[in-house]
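Colleague: I am learning how to read a protein model and would like a close look at a single part. Could you begin there and then lead me outwards, explaining each term when you use it?

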Amino acid sequence: LQVLENRGDTPIVEWGVTIPGHSVAVCIYGGEDDDIAEGIYLKLGNGCGTTGGTTVTYTTEAGAVYEYEILRPTPQNVKVQVTIRETERTPATIESDLKTAIVNDFYGNDPNSENTRVGLAQNLYASRFSVAAIKTAGVVDLLSIQVGLNDGALGNMITIPGNVEPVLTEDNVTVVIQTDDEDGVGS
């Protein structure tokens, strides 16, 4: 859930979402429409518009009907690439350990990093996953971590728009293991 607001008179674009003047964009993935409409009714002041493309309706006990627009984000895959150097202490299970640790961190389930779930309308920095790689998965020589969105380029940071629900599976975590021979250090 992310609520983006425009208190001004003219439309603005925030996190890739156009918000008319004096309006809010309630960006929410999941949840029941009736519960969302009730929540908006209880929290939203009179005179504030909503935008988003999906209409939800709340009916009061007195029979008054209120319609609100919400934005239902589209799920998109995040990609993570972790590059490490193999050492004598690199466990044989490092690839699966890393994939599990990165996915758990992404969803806010890594007790070592204590990060919250990656969500919409935010910048995702690749460095976020360093604690999961080093402390949780046990990487000894971390070389780099990069992130990407869908088929976009990998980099140090991605911007997740307000109309995108980021998702990550182990299939979208790539682990590159370099040996001394690959980088010219070995014999």
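At 16% relative accessibility, does Arg128 count as buried or exposed?

Modeller: Before I answer, please keep in mind that this is a predicted model, in which local features need pLDDT of at least 70 and side-chain atom pairs count only at pLDDT 80 or more, while totals for chains, interfaces and linings use all residues. Residues are numbered from 1 along each chain as its sequence is written, and side-chain values use heavy atoms, with hydrogens and water left out.

Arg128 counts as buried, since its relative accessibility is 16% (buried means under 20% relative accessible area, exposed over 50% and partly exposed in between, with a 1.4 Å probe and protein chains only). The side chain of Arg128 meets that of Asp105 in a salt bridge, at 2.7 Å from N to O (a salt bridge is a side-chain nitrogen of Lys or Arg within 4 Å of a carboxyl oxygen of Asp or Glu). This pair links distant parts of the chain, for Arg128 sits in the loop between strand E9 (122–125) and H3, whereas Asp105 belongs to helix H2 (residues 94–106), and the two are 23 residues apart. Such names follow DSSP runs numbered from the N terminus, where helices are H or I with at least four residues and strands are E with at least two. Asp105, the partner of Arg128, is buried too, with a relative accessible area of 0%.

If you step along from Asp105 to the next number, you reach Phe106, which counts as buried because its relative accessibility is 0%. Phe106 and Tyr107 form an aromatic pair that is edge-to-face, with 4.9 Å from centre to centre and 75 degrees between the planes (rings of Phe, Tyr and Trp, the last by its six-membered ring, pair if their centres lie within 6.5 Å; planes under 30 degrees apart are stacked, over 60 edge-to-face, and the rest tilted). Tyr107, in contrast to buried Phe106, has a relative accessible area of 27%, so Tyr107 is partly exposed. The count for the structure comes to 3 aromatic pairs, and elsewhere ring pairs link Tyr41, Tyr58 and Tyr66 into a cluster.

The bridge where we began is one of 6 salt bridges that the structure holds, and another is formed by Asp33 and Arg72, with 2.5 Å between the closest N and O atoms. Asp33 lies in helix H1 and Arg72 in the loop between strand E7 (65–70) and strand E8 (74–85), so this bridge ties together parts that are 39 residues apart in sequence. Asp33 is partly exposed at a relative accessible area of 34%, and Arg72 is likewise partly exposed, at 26%.

Strand E8 leads us to one more salt bridge, in which the side chains of Arg85 and Asp141 meet at 2.9 Å, N to O. Arg85 is in strand E8, while Asp141 is in the loop between helix H3 (130–136) and strand E10 (142–149), so that distant parts of the chain, 56 residues apart, are linked. Here Arg85 has a relative accessible area of 21% and is partly exposed, and Asp141 is partly exposed as well, at 25%.

Strand E8 is also the place of Thr83, which counts as buried at 7% relative accessibility. The C-alpha atoms of Thr83 and Ile28 are separated by 34 Å, these residues being 55 apart along the chain. For another such distance, take Pro11 and His22, which are 11 residues apart along the chain and whose C-alpha atoms are separated by 8.5 Å. Pro11 is found in the loop between strand E1 (2–6) and strand E2 (12–14), and with 57% relative accessibility Pro11 counts as exposed.

Finally, let us look at the backbone. Most residues other than glycine have a negative phi. Trp15, however, has a positive phi of about 55 degrees although it is not a glycine; its place is in the loop between E2 and strand E3 (17–19), and at 31% relative accessibility Trp15 counts as partly exposed. Asn150, again not a glycine, also has a positive phi of about 55 degrees, and its place is in the loop between E10 and strand E11 (157–160). With a relative accessible area of 30%, Asn150 is partly exposed.
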